[in-house]
Amino acid sequence: ENLVLGLVGETIDLADYVTGARIVDKSNGKGSALVYRIELWLRTKDDDIRNQLKQRLISIMTEGQNTPSRFADQFQWKLHGDEF
């Protein structure tokens, strides 16, 4: 919820670099845990900007939680045009 509001309200630092966003429900619907993938389209490939955005997004998603961030290791960047 915080992430969506931050993107729509343009309160995320470096939001000018975000050109699009999508949240994909990857849950299999068979009673297992909910799994979501967050996709961002950026107008830059700059590692420094991507890392700043990553840290900000993790901060937003873990706001109010007392547990260490479990998202950092799951964060992946896939550049447009990369071969699979």
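This tour moves through the structure one selection at a time and says what is found at each stop.

Before selecting anything, keep in mind that this is a predicted model, in which local features need pLDDT of at least 70 and side-chain atom pairs count only at pLDDT 80 or more, while totals for chains, interfaces and linings use all residues. Residues are numbered from 1 along each chain as its sequence is written, and side-chain values use heavy atoms, with hydrogens and water left out.

**The whole chain**

Start with the chain coloured by secondary structure, which comes to 2 helices and 2 strands, where helices (H or I, at least four residues) and strands (E, at least two) are DSSP runs numbered from the N terminus. Along the sequence these elements follow the pattern α-β-β-α. With a surface displayed, the accessible area of the chain is about 6,800 Å², and 47% of that belongs to carbon and sulfur atoms; such areas come from the Shrake-Rupley method with a 1.4 Å probe, and for residues only the protein chains shown count as cover. Of the 84 residues in the chain, 21% are buried, a class that means under 20% relative accessible area, with exposed meaning over 50% and partly exposed lying in between (1.4 Å probe, protein chains only). Among contacts (heavy atoms within 4.5 Å) with a separation of 6 or more, residues 24 or more positions apart account for 38%.

**The two strands**

Next select Glu39 and Arg22, whose side chains meet in a salt bridge with an N to O distance of 2.9 Å; the term requires a side-chain nitrogen of Lys or Arg within 4 Å of a carboxyl oxygen of Asp or Glu. Because Glu39 lies in strand β2 (residues 36-42) and Arg22 in strand β1 (residues 18-25), the pair ties together parts that are 17 residues apart in sequence. Glu39 is buried at 16% relative accessibility, whereas Arg22 is partly exposed at 42%. Add Arg37 to the selection, since this residue also forms a salt bridge with Glu39, the closest N and O atoms again being 2.9 Å apart. Arg37 is partly exposed, with a relative accessible area of 35%.

**Helix α2**

Move now to Asp47 and Arg50, which form a salt bridge whose closest N and O atoms are 2.2 Å apart. Both residues lie in helix α2 (residues 47-61), 3 residues apart, or about one turn of the helix. Asp47 is partly exposed at 48% relative accessibility, while Arg50 is buried at 12%. The structure holds 3 salt bridges, and those that share partners join Arg22, Arg37 and Glu39 into one network. Keep Arg50 selected and show its surroundings: not counting residues up to four places away in sequence, Arg50 touches Leu42, Lys45, Trp77 and Leu79.

**Core and surface patch**

For the interior, select Ile12, Ala15, Val18, Leu40, Ile49, Leu53, Leu57 and Ile60, the 8 residues of the largest nonpolar core, defined as a set of buried Ala, Val, Leu, Ile, Met, Phe, Trp, Tyr and Cys residues joined through side-chain atoms within 4.5 Å. Helix α2 gives the most to this core, with 4 residues.

Finish with Ile23, Leu34, Tyr36 and Ile38, which make a nonpolar surface patch of about 410 Å². Patches are made of residues with over 30% relative accessible area and no salt bridge, like charges being joined within 9 Å and nonpolar side chains (Val, Leu, Ile, Met, Phe, Trp, Tyr) within 5 Å. Within this patch, Ile38 is found in strand β2 and is partly exposed, with a relative accessible area of 35%.
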